[in-house]
Each structure stands twice: as C-alpha cells, then as structure tokens.
There are 2 protein chains.
Amino acid sequence: MKSRRDFLQKISATALAVPFLSSAKAAGSSFYEEPYEGPVLKVAILGLGSYGTRVAEAMRDCKAAKLTGVISGTPSKIADWQKKYGIPAANCYNYENFDKIKDNKDIDAVYIITPNALHKDQAIRVARAGKHVICEKPMALNAKEGQEMVDACKKANVKLLVGYRMHFEANTLEIIRMRNAGELGKVMFFQGLSGFRIGDPGQWRLSKELAGGGALMDIGIYSVNGARYMVGEEPVWVTAQEVKTDPVKFKEGVDETITFQLGFPSGVIASCLSTYSMNYLDRFFLNGTQGFAELQPATGYGPIKGRTHKGELNLPHKTHQTVQMDEMSAIILQNKKPVVPVDGEEGVKDLRIMDAIYEAVRTGKKVELG
Amino acid sequence: MKSRRDFLQKISATALAVPFLSSAKAAGSSFYEEPYEGPVLKVAILGLGSYGTRVAEAMRDCKAAKLTGVISGTPSKIADWQKKYGIPAANCYNYENFDKIKDNKDIDAVYIITPNALHKDQAIRVARAGKHVICEKPMALNAKEGQEMVDACKKANVKLLVGYRMHFEANTLEIIRMRNAGELGKVMFFQGLSGFRIGDPGQWRLSKELAGGGALMDIGIYSVNGARYMVGEEPVWVTAQEVKTDPVKFKEGVDETITFQLGFPSGVIASCLSTYSMNYLDRFFLNGTQGFAELQPATGYGPIKGRTHKGELNLPHKTHQTVQMDEMSAIILQNKKPVVPVDGEEGVKDLRIMDAIYEAVRTGKKVELG
C-alpha cells in the first residue's frame with residue numbers, strides 16, 4: 001500500500017498529463033502516434049457476450065494489441081467472430097480444449113470476459129497454459145479466490161491484469177495529477193455513486209452462484225476501486241448498510257442497494273452507494289481543503305465529464321477499451337508501469353474491501369482492515 | 001408522522017406551485033402582492049449577532065411582519081439597532097428584564113437568535129411572557145430540551161416555530177411537488193452534503209457547552225432536516241461514522257466530520273455528510289425510479305439552484321428570511337398551514353435524529369428510531 005502511494009506521489013504533474021494532453025486524436029484511436037513499430041500483443045477473448053463484443057470492436061483501433069483468437073462454448077458465436085474479425089480456425093477453442101493454447105504462438109494473452117464465478121478456474125487454466133491473463137472485474141468472487149489467481153500466475157510466470165479501464169482514462173488521471181500536485185489541498189472526502197436499474201431478472205448478474213453477489217460485485221466495485229484511486233490511500237475500516245426493496249428480483253445473497261463508508265489513514269472518509277435499482281447514478285466527487293474535483297459520468301463508457309474548482313476538464317474522449325488494450329500491451333510486453341496499477345494485487349485489494357462490506361452488512365459492525 | 005405524509009400527498013401539484021411560479025417579483029420582495037392589508041406580526045429579535053442582522057435586514061421587505069423590538073446584553077448594539085431600524089426605547093430589553101415584554105402590545109413574537117445552549121430557557125421565558133416564539137435551529141441541544149420547549153409553549157398557549165427558512169424556498173417546494181405528483185417514480189435514495197470550513201476557533205459554534213456539539217448541530221442539521229422533507233417520510237434507523245482530523249480545533253464533544261445514513265420505512269436510504277472542514281459542500285440529490293432532482297446550492301442563502309431529469313428549475317430567488325417571516329406571520333396570525341411544517345414538533349423530530357446520530361457514533365451501532 002505504501003509503495004503505491006509513494007509511486008503516485010513521485011509522478012510529476014507534467015509526466016502524467018502529457019500522454020493525454022498532447023494528443024488530439026479522435027475517439028477510438030490508439031494512444032500511439034502512427035506509425036507504430038513496437039510489439040503487438042496477440043489476444044484471445046474468452047467469453048463472447050456483449051462486453052466481449054465491445055472489447056473486440058474497440059480493439060479494431062488498437063496499435064499494440066490485436067484480437068487473434070476466441071474461446072467460447074457456442075460454435076455459432078465462434079463462426080460469427082471468425083468472419084467478423086478474420087480469426088483462423090486454428091485459433092478457435094471451446095471450454096474443453098482451450099488448455100491447448102499452450103502450443104499456439106499466435107496467442108500471447110487471454111482476456112477472460114465470463115460470469116464472475118468462472119474467472120478463477122479459467123484464469124488458472126490460462127496461466128498453466130503459459131499465457132498472460134487479462135480478467136474482467138471483479139476478478140473473482142472474493143479476495144481468497146483472487147489471491148489464488150495471483151499465486152497461480154506468479155507460479156506460471158505470466159502476468160495477471162484486471163480490466164480496470166478507468167485507470168487509463170484522461171479526466172480521471174488529470175484529477176489524480178491535480179491531487180498529487182496539491183491543487184485540492186488536503187483531501188478530506190470522497191463520494192462515489194454507482195448504480196443502474198437492472199433489467200432482465202434471468203441474467204447471470206442476478207444469480208448469487210454466478211455473480212457472487214449483486215450490485216456491489218458488478219457496479220459498486222467502481223466506487224470501491226474509485227475511492228482508492230481518487231483518494232490515493234488504502235482504507236483501514238469499512239461500515240455498510242443494506243436495503244432491499246425487491247426481494248423477488250434480488251434474492252438471498254444478491255444485494256440490491258448498499259451504502260458503504262471507507263475510512264482512510266489520513267482521516268479521509270469515503271461515502272458510497274452501490275445499487276441495481278436506480279439510474280442517474282454515476283458520479284465521483286473528491287473534496288479537499290483547497291478545491292474539489294468531480295466526474296459525472298465517472299465510470300460509464302464515456303465520454304467522461306470532469307469538473308473542478310478551476311472549471312471544466314475537457315480532455316478528449318478515446319474509447320476506453322482501445323486505450324486499455326494498447327496500455328496493457330505495453331504493460332505485458334514492455335514492462336510499462338501504469339499510473340494506477342491494474343495487476344492482480346490491485347484486484348485483490350478491491351475484493352478484500354468488498355468482502356469487508358459484505359461482512360459489515362452481515363454483522364452491522366465496523367470492519368477493520370489490517 | 002403519518003399525518004404529515006398524508007398532508008403532503010394531498011397537496012395538488014398546481015396548488016403548491018402557483019404562489020411561486022405566478023410571481024415574477026424581485027429578490028427580497030415579500031411574497032404578498034401589494035397592497036397588503038392583512039395583519040402584521042410585530043417581532044422582537046433576541047440576539048443581535050450576524051444572523052440576527054441578516055434577519056433584520058430581510059424584514060425590511062416584509063409585508064406581514066415588522067421588526068418592533070430588540071433584546072440584547074450589549075447596550076451599544078441596542079443603540080445601533082434603534083437608530084438603524086427606528087425602534088423606540090420602550091421596546092428595548094436586556095437579558096435580565098425581558099420578561100416584561102408581557103406588557104408590551106408592540107411585540108407579538110420573539111425571534112431567538114442566540115447560541116444553541118441558550119434557546120431552551122429563553123424560549124420558555126418568552127412563552128411565559130405570553131409571546132409567540134420563533135427559535136433559530138437547532139431549536140435546542142437535544143430532543144428532551146426541545147420537547148420541554150414544545151410543552152412550555154403549549155401550556156402558555158403561544159405558538160413555537162423554528163427558523164426552517166428552506167421550508168419556504170421555491171425550488172425546494174417544486175421538487176416536493178414533483179415527488180408528490182409521482183414525477184420521480186418511487187423515491188429510492190437521498191444524498192445530503194452539508195458543510196463548510198469553519199474559521200475562528202474561538203467562536204461559540206466550536207464550544208461543546210454553547211453549541212451542544214459541532215458541525216452536526218450547525219450545518220449537518222440541514223441534511224437531517226432535508227432528508228426528511230425531500231424523502232417525505234420519517235427515518236426508522238440511523239447509522240453514523242465520525243472522523244476528526246483536527247482535535248485541537250474540534251475538541252471533545254465537538255464533531256468535525258460525520259457521515260450518517262438514515263433508513264426510511266419504504267426502503268429509501270439517505271446518505272449524508274456533515275462537516276466543518278470542507279467547502280464546496282451544499283448539495284441535495286433525490287433519486288427515484290423515474291427521475292432525479294438535485295439542489296446545489298441546496299441550503300445556502302441563495303440563489304438556490306435546482307435541476308431535475310427534466311432540466312433546470314428556474315424559480316425566482318427571494319430573500320429566504322423575508323419569505324420566512326411573512327409566512328410565519330401568516331402561520332401565527334392566520335393559522336396558515338405550511339407545506340412543510342416549521343413548528344416545534346418538527347424541530348424535535350430533527351433533534352431526535354441528531355441524538356441518534358451521536359449515539360450511533362458513540363456506540364458504533366445502528367440506532368432504531370421508535
């Protein structure tokens with residue numbers, strides 16, 4: 001924890017802002033200036049659902065990453081993707097045989113975009129096949145599972161990254177730069193509101209078994225993670241309250257609405273909302289003794305809008321998943337250090353807090369984080 | 001509690017909006033159309049500090065209320081006010097002799113604007129002198145004291161009102177109208193952020209003895225009260241967390257920053273912040289299944305700015321204290337029923353919640369409200 005803060009504080013204001021401010025390229029374009037002559041990360045996507053499709057579409061504009069393979073249990077989806085993205089049959093796998101990617105030089109990494117409950121075993125299989133793992137968030141159902149993934153990837157000597165696309169978002173990074181430069185004074189308060197009104201009651205996100213919980217796992221995690229990167233510290237205590245207005249849609253173990261508070265070592269307090277029952281909620285607010293910074297929308301697919309006591313932030317929108325995959329290529333292939341980490345340890349930190357939120361709801365007590 | 005909700009829900013959309021929407025009068029003007037020929041409430045102000053001065057200045061524009069007397073421990077202040085507001089010597093009192101207002105037909109009501117710890121005894125003395133009591137908020141140090149004031153005023157057959165100026169504010173009332181008309185759908189969430197960075201460490205607001213607490217008593221009360229009138233229900237449970245970053249300025253019993261949550265019978269949850277250590281905080285946000293309403297600033301002296309899912313609210317600003325005093329005249333002299341109550345019982349409801357917030361901070365437990 002200490003090292004992350006130190007790292008963030010060492011980044012100079014200019015160094016952080018330049019890659020974004022110096023670019024005036026259109027949305028969807030890579031952050032690399034053309035012509036790009038560096039290494040290219042060859043990626044297979046595991047799980048061809050709607051978010052997988054979004055990532056695949058965004059990767060069309062990547063310079064440093066390329067979609068080269070697919071893993072799916074649905075042959076018709078594989079056929080569609082082959083046609084759409086020009087994927088050769090040799091790079092197509094199903095859930096039974098994908099351990100064979102071990103021998104496929106056309107695949108460097110696998111991006112896991114499946115229901116949460118499947119992440120752990122799939123990630124461990126990918127790691128054992130000697131491929132780097134990119135895993136959608138939440139990386140697992142709880143911190144213990146997340147740690148198993150970290151350990152497995154370490155043992156297999158592959159990298160493990162979590163799909164934290166906001167860690168590369170320009171307005172977000174500009175606020176982190178301002179905070180580190182002292183432009184907000186001493187940070188005192190963070191507020192995160194994360195939620196939407198969920199539709200189809202039959203989807204896997206509303207199954208305790210597949211999702212590991214409810215809104216907190218899926219959307220509340222943005223406020224958990226956002227609290228950490230906006231404040232720039234790790235919380236030391238958690239309190240939380242749950243309300244459920246629709247116990248039919250939100251069954252036992254599937255949270256509808258949770259408010260939670262995080263206390264940080266410096267005295268910063270974060271007050272957050274996670275919900276599946278309301279729209280109009282996607283806001284981060286960071287307040288310090290000398291100024292404030294706000295993002296609204298804060299974590300949607302963009303454009304993200306930022307505002308501070310100095311006025312509006314007008315950093316150009318780029319498709320988050322395009323930037324993320326180009327950045328992840330640099331992290332995996334060139335050992336680039338991102339401003340805000342996206343590695344497995346980062347994912348475990350969020351899961352530890354989410355475990356504590358559920359415990360605080362269950363016990364009604366403040367949970368201290370060691 | 002039930003009756004208040006029923007009352008609010010009975011108000012038709014049109015009836016509520018008309019007095020504000022139909023008026024295009026300038027800020028500071030009375031809500032009465034000229035010429036005003038109704039009764040005029042003759043008011044003495046007790047406590048001639050900065051807020052007392054603000055009220056006196058605002059009352060210059062009142063049609064139905066008039067500043068006719070003063071009560072102060074400082075002779076030079078009395079002399080100043082006599083000159084400034086044309087107050088005869090016969091209507092000037094000090095803290096020793098003000099029980100004599102009993103015999104003064106030029107005074108109908110006394111507006112108490114002194115440190116919180118003095119309210120109770122002063123209110124009871126005013127009531128015993130047979131005059132109506134208007135008391136600045138918080139009406140007392142705790143609910144028990146507040147109830148004593150209610151009882152004393154009832155016994156003396158005088159009215160007791162609390163200085164809830166926001167209960168008459170046009171944008172606020174428009175949002176209440178929208179909520180009651182179902183335009184937000186089912187209300188699900190309220191957020192109140194109330195705070196400012198307090199200056200002079202020697203002021204009475206930072207004395208446990210005089211203020212009865214810290215930020216919660218002075219500014220957090222806006223979020224407590226706002227949660228109730230924005231949601232339109234009474235909370236059934238309270239949780240709260242405190243942080244203190246400056247224990248020199250904020251001594252034992254004087255709260256710097258408290259986050260608190262209120263649970264309501266329908267499942268609405270309110271998440272609020274009360275602080276003396278940050279600026280940029282004056283926001284209410286009410287979220288429902290079909291829409292939202294936001295006020296920012298929400299409780300400052302104005303202009304208040306409102307925004308909903310339908311767009312901006314552009315209700316004309318009028319000086320809050322002018323409107324409040326004209327409305328209170330109508331409540332006292334003509335038995336007018338305000339949309340949101342401003343009576344002593346209303347003040348006690350807030351104090352019960354604030355008592356519970358302090359208890360929740362102290363015990364770390366959820367406090368159920370009977």
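Two residues are in contact, or touch, if their C-beta atoms, placed from the backbone, lie within 7 Å. Keep that in mind as you click around this predicted model, where local features need pLDDT of at least 70, side-chain atom pairs count only at pLDDT 80 or more, and totals for chains, interfaces and linings use all residues. Residues are numbered from 1 along each chain as its sequence is written, while chains are lettered from A and ligands numbered from 1 in the order in which they are written.

**Stop 1: the core**

Select Val133(B). Leaving aside residues up to four places away in sequence, Val133(B) touches Ala109(B), Val110(B), Ile112(B), Ala123(B), Val126(B), Ala127(B), Cys153(B), Val158(B) and Leu160(B). Now add Val133(A), Ile357(A) and Ile357(B): together with Val133(B), they touch the most other members of the largest nonpolar core, which has 224 residues. (A nonpolar core is a set of buried Ala, Val, Leu, Ile, Met, Phe, Trp, Tyr and Cys residues joined through C-beta atoms within 7 Å; buried means that 20 or more other C-beta atoms lie within 10 Å of the residue's own, exposed means 12 or fewer, and partly exposed is in between.)

**Stop 2: two domains in chain A**

Colour 2-165 of chain A as domain 1 and 180-316 + 344-368 as domain 2; such bounds come from an automatic or database domain assignment. Over C-alpha atoms, the centres of these domains of chain A are 24 Å apart. Where they meet, 25 residues of domain 1 are in contact with 23 residues of domain 2. On the domain 1 side, look at α6 (143-156) of chain A, which gives the most, with 6 residues. (Helices, H or I, of at least four residues and strands, E, of at least two are DSSP runs, numbered from the N terminus.) That side has 18 nonpolar, 5 polar and 2 charged residues. (Ala, Val, Leu, Ile, Met, Phe, Trp, Tyr, Cys and Pro count as nonpolar, Asp, Glu, Lys and Arg as charged, and the others, Gly among them, as polar.)

**Stop 3: the sheet**

Next, show the open sheet of 9 strands in chain A, with mixed pairing and the order β14-β13-β12-β11-β7-β10-β9-β8-β15. Two strands pair if DSSP finds at least two bridges between them. At the edges are β14 (311-313) and β15, each with a single partner strand, so one side of each has no neighbour in the sheet.

Zoom in on β8(A): 6 of its 7 residues are buried, so the rest of the structure largely encloses it. β8(A) pairs with β9(A) in the antiparallel sense over 7 bridges, and it also runs antiparallel to β15(A) (residues 367-368), joined by 2 bridges. Which residues partner Trp237(A)? Pick Gly263(A) in β9(A) and Glu368(A) in β15(A). Step on to β10(A), which pairs with β9(A), again antiparallel, over 7 bridges; there Ser274(A) stands opposite Ile258(A).

**Stop 4: where the chains meet**

Zoom out to both chains. A turn of 180° with a shift of 0.0 Å along the axis lays chain A on chain B with an RMSD of 0.0 Å, so the copies are related as by a two-fold rotation axis. (Superposition is by least squares on the C-alpha atoms of residues with pLDDT of at least 70 in both.) To find the axis, select Lys365(A), whose C-alpha comes closest to it among the residues of chain A, at 3.4 Å.

Finally, highlight the contact, which takes 26 residues from chain A and 26 residues from chain B. On the chain A side, β11(A) gives the most, with 5 residues, and the whole side divides into 9 nonpolar, 14 polar and 3 charged.
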